[in-house]
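Hi,

Here is the structure I said I would pass on. Have a look at it first, and then read on for what turned up.

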Amino acid sequence: MEYTEVKDVKIGLATIWAIGVGSALGGDFFGWQFVLFGGFGSAFVAVIFTGVFYWLYAGAITELAARYQSSGGSFDFVRNALGEKPAALMAILGLLKLILANSANALAISSYLTQGGASHGFHALFWLGCYSIFTYLDCIGVRQSANIQIIATVLCVAVLLFYCGSSFSIFDRSNIYSAGYTHGGAEGFLKGLPFALQFFDGFEEVPLLMGYAHDPEKTIPRAILACYLTISTIAVLILISGAGSVKASYLLNSDAPLMDGFELVYGSGTFLSDILAYFIALGLLVNFFAFVLFCSQQIQAIAEAGQLPKFLAY
């Protein structure tokens, strides 16, 4: 199935880069710390291993996106290769992944908002408001969502780089060894390996934007490559600066790893640390933008293939 071209909405390389990078950066705020189960040495190897895996994955996706020119992502890839029934399973798994990813984002933002002084009663209203606003923006136009996504992604990257700079100012090599350099051997490595995916997961959904891209045969592959280079660079910086500024043994019990680093530099409960907590939470919203958009595109592709009601394709 070829991609459905959207004639009145076209987005360029920078916008697609912002959406792709934004979809993966949530793991830099929350979840990555558990890669330290096996110590920093095992964590570093796990991140490099996962990075190589995603490099190959990104290459395969780039080739498939250019070959099939499909706006259904993995669903259409499987449908072209294996047929309708395997594609139906892929559709279910793809939607579950996107839904659960936003559930993880909700947990992460909740942790940071709590450290920023927000009450738990505010959280439910916050989630409801985010889903409502982002779904509404996607309904009224992808261009509006994309413009906001660029701002949110730039903010997100800025917060992460600010964190890295702040953490390197108190870098201590002894923190890296606090949980053992290769604690637990192969078992520790395998325990931490799934959490290395937090650094990369999300940008592989970029082919879902095929129908909105200028010159998609060239733009989508270039966007995937640009996303990968950005995400992998930030992943290495976050791992080294985070583990070097806060004891690894403490990070493993942390619900808000970036705030722990900020509080060591700027103090706990200060005005600046509270403001940073809200900026981090706002940065995490970039995932909501991306995954709500990806989910809508996935549903459209499935509906166009006749596996969901046709009215969902419009």
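How are H3 and H10 oriented with respect to each other, roughly parallel or roughly antiparallel? Keep in mind that this is a predicted model. The axes of helix H3 (residues 39-68) and helix H10 (residues 216-245) cross at roughly 175° and come within 9 Å. Anything over 145 degrees counts as roughly antiparallel, so that is what H3 and H10 are. As for what sits in the contact of H3 with H10, by class there are 20 nonpolar residues, two polar ones and one charged one.

Now the overall picture. The chain has 13 helices and zero strands, so if you read along the sequence you just get α-α-α-α-α-α-α-α-α-α-α-α-α. Of its 314 residues, 53% are buried. Take the contacts with a separation of 6 or more: 84% of them join residues 24 or more positions apart.

On to the core. The largest nonpolar core has 88 residues, and the members that touch the most others are Trp32, Leu36 and Leu239. Helix H13 (residues 271-304) is the top contributor to this core, giving 17 residues. Trp32 is worth clicking on. Setting aside neighbours within four places in sequence, Trp32 is in contact with Gly27, Tyr163, Phe195, Gln198, Phe199, Ile238, Leu239, Gly242, Ala243, Leu251, Pro257 and Leu258. Leu239, then, is both a contact of Trp32 and one of the three residues that touch the most other core members.

Next, H1 (residues 13-24). Its twelve residues should span 16 Å at 1.5 Å a residue, and the end C-alpha atoms are 17 Å apart, which agrees. Nine of the twelve are buried, so H1 is largely enclosed by the rest of the structure. The buried ones are Thr15, Ile16, Ala18, Ile19, Gly20, Val21, Gly22, Ser23 and Ala24.

Some of these come up again from the side of helix H7 (residues 142-168), where Thr153 is found. Leaving out residues up to four places away in sequence, Thr153 touches Trp17, Ala18, Val21, Gly22 and Val286. Of those, Ala18, Val21 and Gly22 are among the buried residues of H1. Thr153 has a relative accessible area of 0%, and since buried means under 20%, Thr153 is buried.

Ser167 lies in H7 too. Is Ser167 buried or exposed? With 0% relative accessibility, Ser167 counts as buried. Its contacts, apart from neighbours within four places in sequence, are Ser241 and Ser245.

For a contrast, try Arg173, in helix H8 (residues 173-176). Its relative accessible area is 57%, and the cut-off for exposed is over 50%, so Arg173 is exposed. Arg173 and Gly244 are 71 residues apart in sequence, yet C-alpha to C-alpha they are 5.8 Å apart in space.

One last stop is helix H4 (residues 74-82), whose buried residues are Phe75, Asp76, Phe77 and Val78. Note that a charged residue, Asp76, is on that list. After H4 comes Gly83, with a positive phi near 110°.

Let me know what you make of it.

Cheers

How values were computed. Residues are numbered from 1 along each chain as its sequence is written. This is a predicted model: local features need pLDDT of at least 70, side-chain atom pairs count only at pLDDT 80 or more; totals for chains, interfaces and linings use all residues. Side-chain values use heavy atoms; hydrogens and water are left out. Axes are lines fitted to C-alpha atoms, for helices over the stretch in contact, and angles run from 0 to 180 degrees between N-to-C directions. Helices (H or I, at least four residues) and strands (E, at least two) are DSSP runs, numbered from the N terminus. Angles under 35 degrees count as roughly parallel, over 145 as roughly antiparallel, 65 to 115 as roughly perpendicular and the rest as oblique. A nonpolar core is a set of buried Ala, Val, Leu, Ile, Met, Phe, Trp, Tyr and Cys residues joined through side-chain atoms within 4.5 Å. Buried means under 20% relative accessible area, exposed over 50%, partly exposed in between (1.4 Å probe, protein chains only). Contact means heavy atoms within 4.5 Å. The expected span of a helix is 1.5 Å times one less than its number of residues.
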